[in-house]
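Subject: The structure you asked for, with notes

Hi,

Here is the structure I promised to pass on. Have a look at it first, and then read on for my notes.

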Amino acid sequence: MNRTRQTTDKSKNRITALYERLSRDDELAGDSNSIVNQKKMLEDYAKSNGYTDLVHFTDDGYSGGNFDRPGWKEMLRQIEDGSIGTVIVKDMSRVGRDYLQVGFYTEVFFREKGVHFVAISNGVDSDINTSSEFAPFLNIMNEWYLRDCSRKIKAVLQAKGRDGKPITNNPPYGYIKDPEDKNRCDMSKPYEWAGVSVVRMLEKPEYMGDTVNFRTKKLSYKDKVAVKNDSDEIVVFTDTHEAIIDRKTWYMVQELRKTKRRINTEGESNPFVGKIFCADCGGKMHYRNEGKRAGRKWRGLPDGSVRTTPACYNCGNYNNSHDQSGKVCCSHNIQAKVIDQFVLETIQYACKSVRMDERAFVERIRSASEIREQSEAKKLKAALKHQEKRYAELDILLKKVYEDNALGRLPDKRYEML
């Protein structure tokens, strides 16, 4: 009775906060059974120990590893205002399951604000020093429980993902979950797609009918932001659901998206971007719009005139080489109007040839195409031969390294590095 009276006097004119938390809701509407039981337990304890002016702060459906909880934050705000004199919880795990943060609030923050803290089931009372000696160990065990749950959930998701089942909660944009099979996507009711969504669609293999798992990961169960996985950690299962786009078109789009197409002031893009290549290095020619700049005298001073630089194409490899000493090509350029004229003349010549002798024109085109295909095939065969030769050399080197290690000529540490 003396301890209760001293505590009541110390917290006079301040409310008693009864804090409840549950990590997930049950099927009942409103508060779950566990929250209801916590409230009853805290009220009975508070009344039997002489606490008055009771106020509940509740977080139903929030993990103990997350301290961004509305009920908890409101309680902290009122503690900062000096309105709360006592905080009572069922046990230490209701405060949270991060032992560092729980320790900060119970051992530092509450004491600095003059708040009396009680954890009923653990027998922790901040007014009794000996009662909180075991509290740090309780906090560590509470966090271990959260870590163990995270490990089990991760194992379940890994097994599900390895079996080819999608592990994301939401299907890709444009699909809905099949009501009869949550692991399949349904296209019977496609959504309307916005521009940004179409861009994302073009980059996702899911729209070819594939399931892609393990794109991202969290380095710790405490992390809120996921990081991207390496390509060898991503698992792809083909033809798991109906496709929106066929594979040939999808891969063609990926190649087209590698070329940036800039829109001019009239809302048009240059039709030859990505189709003109440097004759020396083979790099793409970058398009430069027509520009204007101040004219200068022979001494470099402005003379009041305006110079117009025509639209042209420059070697992309040269433009991308910022270090002059490491230039891989020269500043080749050709005016855009020259390209336009050349293409126009070629089209006119082709039309004239078709009118004069269509059969001969078709034969010439077919012959030129065959020559080009033979040239490409020859290049590919040469590249394949070179790679096969290199693989054979590497195979010999690996065997030699293994033999040197087996015979003791190469230390194990060096062998592992190689």
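Below is what I found, going from the whole chain to its strands, its cores and its salt bridges.

Please keep in mind that this is a predicted model.

**The chain as a whole**

There are 418 residues in the chain, and buried ones make up 28% of them. The secondary structure comes to 12 helices and 16 strands. Of the contacts with a separation of 6 or more, 59% are between residues 24 or more positions apart. The exposed surface is about 29100 Å², with carbon and sulfur atoms supplying 53% of that area.

**Strand β3 and its partners**

A good place to start looking is strand β3, which covers residues 84-89. Six of its six residues are buried, so the strand is largely enclosed by the rest of the structure. Buried here stands for a relative accessible area under 20%.

Which strands pair with β3? One is β1 (residues 15-22), which runs parallel to β3 and is joined to it by five bridges. Another is β4 (residues 116-119), also parallel to β3, with four bridges between them. You can follow both pairings from V89 in β3: Y19 stands opposite V89, and V89 in turn stands opposite A119 in β4.

**The nonpolar cores**

In soluble globular proteins, nonpolar side chains tend to be buried together. In this model, the largest nonpolar core has 24 residues. Those with the most contacts inside that core are W72, M75, I79, V87, F110 and F117. Several elements contribute: β1, α3 (70-80), β3, α4 (92-95), α5 (99-112), β4 and α6 (135-162) each supply at least two residues of this core. The three strands described above, β1, β3 and β4, are therefore among the contributors.

If you would like a single residue to centre your view on, try W72. Leaving aside residues up to four places away in sequence, W72 touches Y19, D59, F67, V95, Y105 and F110. Y19 in that list is the residue that stands opposite V89 in β3.

Apart from the largest core lies another one, of 10 residues, including F272, I276, M285 and A311.

**The salt bridges**

Side chains of opposite charge can pair when their charged atoms come close. The structure holds 15 salt bridges, and here are some to look up.

- K73 and D68 meet through their side chains, at 2.9 Å from N to O. K73 counts as partly exposed, at 45% relative accessibility, and D68 is partly exposed too, at 48%.
- R77 and D81 form a salt bridge at 3.0 Å, N to O. R77 is partly exposed, with a relative accessible area of 44%. D81 has 51% and counts as exposed, because the cut-off for exposed is over 50%.
- K399 and D395 meet at 3.5 Å, again N to O. Both lie in helix α11 (residues 358-406), four residues apart, or about one turn of the helix. D395 is partly exposed, at 37% relative accessible area.

How are E74, R77 and D81 connected? Salt bridges that share partners join these three residues into one network.

Happy browsing, and do write back with any questions!

Best wishes

Technical notes. Residues numbered from 1 in each chain as written. Predicted model: local features only at pLDDT ≥ 70, side-chain atom pairs only at ≥ 80, totals over all residues. Heavy atoms only, no water. Buried < 20%, exposed > 50% of the residue type's maximum accessible area, 1.4 Å probe, protein only. Pairing = 2+ DSSP bridges. Contact = heavy atoms within 4.5 Å. Areas by Shrake-Rupley, 256 points an atom, 1.4 Å probe, with all protein chains shown as cover. Salt bridge = Lys/Arg side-chain N within 4 Å of Asp/Glu carboxyl O. Core = buried A, V, L, I, M, F, W, Y, C linked by side-chain atoms within 4.5 Å.
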